[in-house]
Amino acid sequence: MSNSPLSGCRVAILATDGVEEVELVQPRDAVQSAGATTTLVSLTHGDIQAMTSDVHAANTFAVDNVVADVSVDDFDALILPGGTTNPDTLRTDFDAVDFVRRFVESGKPVGVICHGPWMLVEADVVRGRTLTSYPSIRTDIRNAGATVVDEEVVVDGNLVSSRNPHDLPAFCDALVEQFSKTNNVG
């Protein structure tokens, strides 16, 4: 048996074109370094185009599975990176929204950063919760019934949220900690 805190943990990363590269890569690398396996889930097969600061094309990433073909039961945790275009596109897709809703309702941990909480708003799973996000979407989150705070990392039940790429070190640490709590149950 491995001493890695996330050994055997299966983590989905839901993203599409426009994802902020650093918000995809750093959390992925953090959970993989802790022993998890990650799966990039998107809307279609092929590659997605990541961005830097929303406007500069960065690297592309190969999609492992399409959201319409996966189930919450396939994974132990979920990461929702930001970038403005990424969650704005994902929230218009029924399968993506349904996947996020079911994931949050399952009680499994969900890490979300920057503009990623738009997916939680669209899935109608923030009512009564406390989280943080990029400043420009805080009104949307409040209007959906959540309390928004301006903190580096917020953990509320199975939700782990952060504001922006500057928070990534704390966000990644919180993901590993929260994901490992669930991983040890299984």
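## Strand β2 and its partners

In this predicted model, I13 lies opposite L40, a residue of strand β2. The strands involved are β1, which covers residues 10–14, and β2; they pair in the parallel sense over 5 bridges.

A second partner of β2 is strand β5, made up of residues 65–66. These two strands also run parallel, and 2 bridges join them. Here S42 is the residue that stands opposite V66 in β5.

## The β-α-β unit

Helix α1 spans residues 21–33 and belongs to a β-α-β unit together with β1 and β2. The unit is right-handed.

## Burial of β2

How many of the 6 residues of strand β2 are buried? The count is 5, so the strand, which runs over residues 37–42, is largely enclosed by the rest of the structure. As a general point, side chains in a regular strand alternate between the two faces of the sheet.

## The surroundings of S161

S161 is placed in strand β11, which consists of residues 159–162. Its relative accessible area is 1%, and because buried means under 20%, S161 counts as buried.

Which backbone atom does the side chain of S161 reach? It is the backbone nitrogen of T132, at 2.9 Å. T132 also appears among the residues in contact with S161 when neighbours within four places in sequence are left aside. The others in that list are V112, L131, E152, V153, V154 and F171.

Key
Residues are numbered from 1 along each chain as its sequence is written. This is a predicted model: local features need pLDDT of at least 70, side-chain atom pairs count only at pLDDT 80 or more; totals for chains, interfaces and linings use all residues. Side-chain values use heavy atoms; hydrogens and water are left out. Buried means under 20% relative accessible area, exposed over 50%, partly exposed in between (1.4 Å probe, protein chains only). Helices (H or I, at least four residues) and strands (E, at least two) are DSSP runs, numbered from the N terminus. Two strands pair if DSSP finds at least two bridges between them. A crossover is right-handed if, with the strands pointing away from the viewer, the path from the first strand over the helix to the second runs clockwise. A polar contact is a pair of N or O atoms within 3.5 Å; within protein, one must be able to donate a hydrogen and the other to accept it, and residues adjacent in sequence count only if both atoms are side-chain atoms. Contact means heavy atoms within 4.5 Å.
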